[in-house]
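Trainee: Got a minute to go through this one with me?
Mentor: Sure. Put it on the screen and ask away.

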Protein chains: 2
Amino acid sequence: MSGKEKVTIYDISKKLNISAATVSRALNQNPKISEKTRELVAKTALEMNYKQNRLAQALKSGKTNNVGVIVPYINRSFFSSVIRGIEEELTPHGYHVIICQSHEEVKNEINQLNALLNTQIDGIFMSVSKTTQNTDHIKKALEEHTPLVFFDRKIEMSGVSSVVLDDFKAGYMATEHLIMEGCKKIAHLSGDINLEIYKNRFEGYRSALEKHGLTYHPEHVIQTNSKIESGQQAVAQLWECEEKPDAIFSAGDYAALGAIQELKSRNIRIPEDVCVVGFSNEPFTKYMELPITSMDQTPLLMGKIAAQVFLEQVKGNKTLTIEKKVVLSPELFVRSSSGRSILQPAEN
Amino acid sequence: MSGKEKVTIYDISKKLNISAATVSRALNQNPKISEKTRELVAKTALEMNYKQNRLAQALKSGKTNNVGVIVPYINRSFFSSVIRGIEEELTPHGYHVIICQSHEEVKNEINQLNALLNTQIDGIFMSVSKTTQNTDHIKKALEEHTPLVFFDRKIEMSGVSSVVLDDFKAGYMATEHLIMEGCKKIAHLSGDINLEIYKNRFEGYRSALEKHGLTYHPEHVIQTNSKIESGQQAVAQLWECEEKPDAIFSAGDYAALGAIQELKSRNIRIPEDVCVVGFSNEPFTKYMELPITSMDQTPLLMGKIAAQVFLEQVKGNKTLTIEKKVVLSPELFVRSSSGRSILQPAEN
DNA sequence: CAAAGAGTTGTAATCGATTGCGTTAATGTA
DNA sequence: TACATTAACGCAATCGATTACAACTCTTTG
């Protein structure tokens, strides 16, 4: 009953006394095969529990139907949602997704990238790590002619498609929202300025201040990482300034949370005294007793679009490289941490 | 400069006027190759930007160095942490992890499982979906002799290893903790009893009640899913009972959160009037203003151990099937939602 | 000086599926 | 009846790497 080795088309061909070529064609619905043979093969294959060896097929065809995704961390809501979007879009097309984490280290990023290329995947989606300065590994990958799509954190490169958020607009919107709530001294918890996204959020912030005639205080901009502690420290530092802020726009939700905790411990009321806006719309932001206003990056959509861009690329003419740059619009979810005007936070 | 096709060992062999076999051996550190040739090949391979075609190698060797993981959802902290554990343990051994989601649907589970088997992965890690009753697809997979390791949600099957939490103990510990805090009427928000884990948590709960001489009220046990709303509804239902509970042990963090929200809206004080304990130690539980006591399932460890079990299996003698059942101990993180006796919740 | 041994490298089969080209048999046409 | 056409299928090469089994060149030894 057991002890069965893998069944190949040769096993089927022997059993039916036909050639392996015929079996292959029959299984692939080749029209040159008679109906009888086709059915017979199908039936026998089922009986013998035949499973196609996709390695062999991939070797022959050059297509593995696997794509790779490289993200800094898999356990960030944003990234896992993007991945889900990619999956949802690609699964119906028979693709499978291989997920890799760089842990924000270029070194890992390089390893993962090479490993994926060795595995002959059909495409790569990636969000570069914070520490990625040198891009030789990516250029090398491009030479292999493997479709590459950047999402969220991209690197400017000709011939490479990308799907990103309009981070400038996001920064602008968040800041403007705070201004509309009556805030005049808005601080900004920035991320690593090496990353374009954080730079853009900051620029959006500055631009909004300017547009509304508010002065920009460099000491009100503090670089943080995505840890709660860094949000706490930032507030501590801000409250030593001459001019205490009456609002905080954080480029990350975790830093925003830390900021809120620190503000509360200082008995500063939110949103009455200080409004806070976060970024990423992490699930926890809406679960809090004081739900946090946050900027949604529409990660699911981002993943889906990235997948679509990839599909276009592989369906289309392989010889010409398509370069498609998609920019998504952010969506602000106003909640109690900044919503002075709203009474009851809606269910979002 | 560009337009380069993939470089194979044949390209190297032609360039050096040696056979492909020699190139292969040189690259694989075969001792039968002279030092000179080895170095020459290595140098040339680097120059030509040779990358091994792992498909071909896998086809020949029967090993892909890929393993598959099937989980209900990727964006649950628990699952993503387990995956991370698996990755951390397996990456140094050259394995790559392919992640699949079942979305709690057997149908998807079957598809993903077959897709993985077709791709010839070297092993499978899985946590079955809620709707998995019939296990034919898993039995069929076992016939392929692909190592399979269950984690968290297992199915009883001879010859299959598993790494799970001691859910009975977890239920017992959580309940006993509540009893120690002085609670006498402890309700339980259960999960889908079809799943062993929820059954065991419930049994642990009952056992603790019994052990401490508390009567078990069937109407104090309510089945929930892992949604916030179901926790809210559960409280609404509980508070219509004759005997209102003075504690809630939820088998999931989201239901616990919903319960807390509902309790607060009813102006019931936590933990003074009602203590609440959740399950899974989702990150948000400790971020809340009222941090939630929760049972940690040591997911990282679970993943690592599952990976180790797999490694043992593939390293060892292939002919004999090893069956290893690992049971991990849960860890309770007591926080303000149940910690009447603690003053300041520690940083955990 | 011939035979044996050690050290290197080559030949060719193999993994499993695909596919261009050729072959056979059946049918159609003049 | 002779030839052309078509349908159905087989042969063998191919994808790229691995490896058992030679084969070859030196060196060593009796």
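**DNA side, helix packing, symmetry**

Trainee: Which residues come nearest to DNA strand C?
Mentor: Keep in mind that this is a predicted model. Of the 26 residues around DNA strand C, the nearest are Thr8(A), Ala21(A), Ala56(A), Ser19(B) and Thr22(B).

Trainee: And which elements give two or more residues to that surface?
Mentor: In chain A, helix 2 (20–27) and helix 4 (54–61) do. In chain B, helix 2 (20–27) and helix 4 (54–61) do.

Trainee: How do the residues near DNA strand C divide by type?
Mentor: Ten are nonpolar, eleven polar and five charged.

Trainee: Switching to packing. At what angle do helix 1 and helix 2 of chain B pack?
Mentor: About 110 degrees, with the axes 8 Å apart. Helix 1 of chain B covers residues 9–16. At that angle, helix 1 of chain B is roughly perpendicular to helix 2 of chain B.

Trainee: Is that crossing left-handed or right-handed?
Mentor: The crossing of these two chain B helices is right-handed.

Trainee: Which residues make the contact?
Mentor: Helix 1 of chain B brings Ile9(B), Tyr10(B), Ile12(B) and Ser13(B). Helix 2 of chain B brings Ala20(B), Val23(B) and Ser24(B). Five of the contact residues are nonpolar, two are polar and none is charged.

Trainee: Last topic. What turn lays chain A on chain B?
Mentor: A turn of 180 degrees, with a shift of 0.0 Å along the axis and an RMSD of 0.1 Å. That is the relation of a two-fold axis.

Trainee: Which residue of chain A comes closest to the rotation axis?
Mentor: Ile98(A), with its C-alpha at 2.3 Å. Both copies use the same surface: 100% of the contact residues of chain A recur in chain B.

Definitions and conventions. Residues numbered from 1 in each chain as written. Chains lettered and ligands numbered in written order. Predicted model: local features only at pLDDT ≥ 70, side-chain atom pairs only at ≥ 80, totals over all residues. Least-squares fit on C-alpha atoms with pLDDT ≥ 70 in both. Contact = placed C-beta atoms within 7 Å. Near = placed C-beta within 6 Å. Helix = DSSP H or I, 4+ residues; strand = E, 2+ residues; numbered from the N terminus. Nonpolar A, V, L, I, M, F, W, Y, C, P; charged D, E, K, R; others polar. Axes fitted to C-alpha atoms, helices over the stretch in contact; angles between N-to-C directions. Parallel < 35°, antiparallel > 145°, perpendicular 65-115°, else oblique. Left-handed = near helix turned anticlockwise from the far one by under 90°.
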